[in-house]
Amino acid sequence: MKGDSVRSPEASRLRQRKYELAQRFQIPGNLLPGSLSESHFRCGKPTCHCARDQGHSGWTLTFMVDGHKRVERIPQDWVEEVRVRVEAGREFQDAVKEVLAANAQLLGLERRQRKRKKR
């Protein structure tokens, strides 16, 4: 019951896309989950520039571990590398979701095709 027995253009398209994604997204070890965000804060010193303008800039990576939200501060010189790794992690998660959805659709197609053959 893998969905490979279904023969239709839709099934073929789903299988092809599933295999393309599976080949494209071999699991690399450096992907990051969550989101990277910039925030601004004031240090509290009345003579600092942050008391008058936007404030000091800081970056954080927010993600979930075992159902708990975690926040890690990211140094400015790491921001671009972390951004690339977070985007790659999101692309990987989207591809996995699409493969799983294709599997579910193929299962439904196989069930309907078997019903037609029994009639």
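Is Asp66 buried or exposed? In this predicted model, Asp66 is exposed, its relative accessible area being 74%; the cut-off for calling a residue exposed is over 50%. Asp66 sits in the loop that links β2 (56–65) to β3 (68–74). Its phi is near 50 degrees, which is a positive value in a residue other than glycine.

The strands on either side of this loop belong to an open sheet of three strands, ordered β1-β2-β3 and paired antiparallel. Because β1 (35–41) and β3 are at the edges and each has a single partner strand, one side of each has no neighbour in the sheet. From one strand to the next, the twist averages 35 degrees. The antiparallel strands β1 and β2 are joined by seven bridges. Ser35 has Thr62 of β2 as its bridge partner.

Helix α2 lies across β1, β2 and β3, and runs at about 140 degrees to β1. Helix α2 (residues 79–118) also packs with helix α1 (residues 9–24), at an angle of about 150 degrees and with the axes 9 Å apart. Angles over 145 degrees count as roughly antiparallel, and α1 and α2 are therefore roughly antiparallel to each other. The crossing of α1 past α2 is left-handed.

On the α1 side, the residues making this contact include Glu10, Ala11, Leu14, Arg15 and Leu21. On the α2 side, Glu91, Ala95, Glu98, Val99, Leu106 and Leu109 are among them. By residue class, the contact of α1 with α2 comprises eight nonpolar, two polar and seven charged residues.

Note on methods:
Residues numbered from 1 in each chain as written. Predicted model: local features only at pLDDT ≥ 70, side-chain atom pairs only at ≥ 80, totals over all residues. Heavy atoms only, no water. Axes fitted to C-alpha atoms, helices over the stretch in contact; angles between N-to-C directions. Helix = DSSP H or I, 4+ residues; strand = E, 2+ residues; numbered from the N terminus. Parallel < 35°, antiparallel > 145°, perpendicular 65-115°, else oblique. Left-handed = near helix turned anticlockwise from the far one by under 90°. Contact = heavy atoms within 4.5 Å. Nonpolar A, V, L, I, M, F, W, Y, C, P; charged D, E, K, R; others polar. Buried < 20%, exposed > 50% of the residue type's maximum accessible area, 1.4 Å probe, protein only. Pairing = 2+ DSSP bridges.
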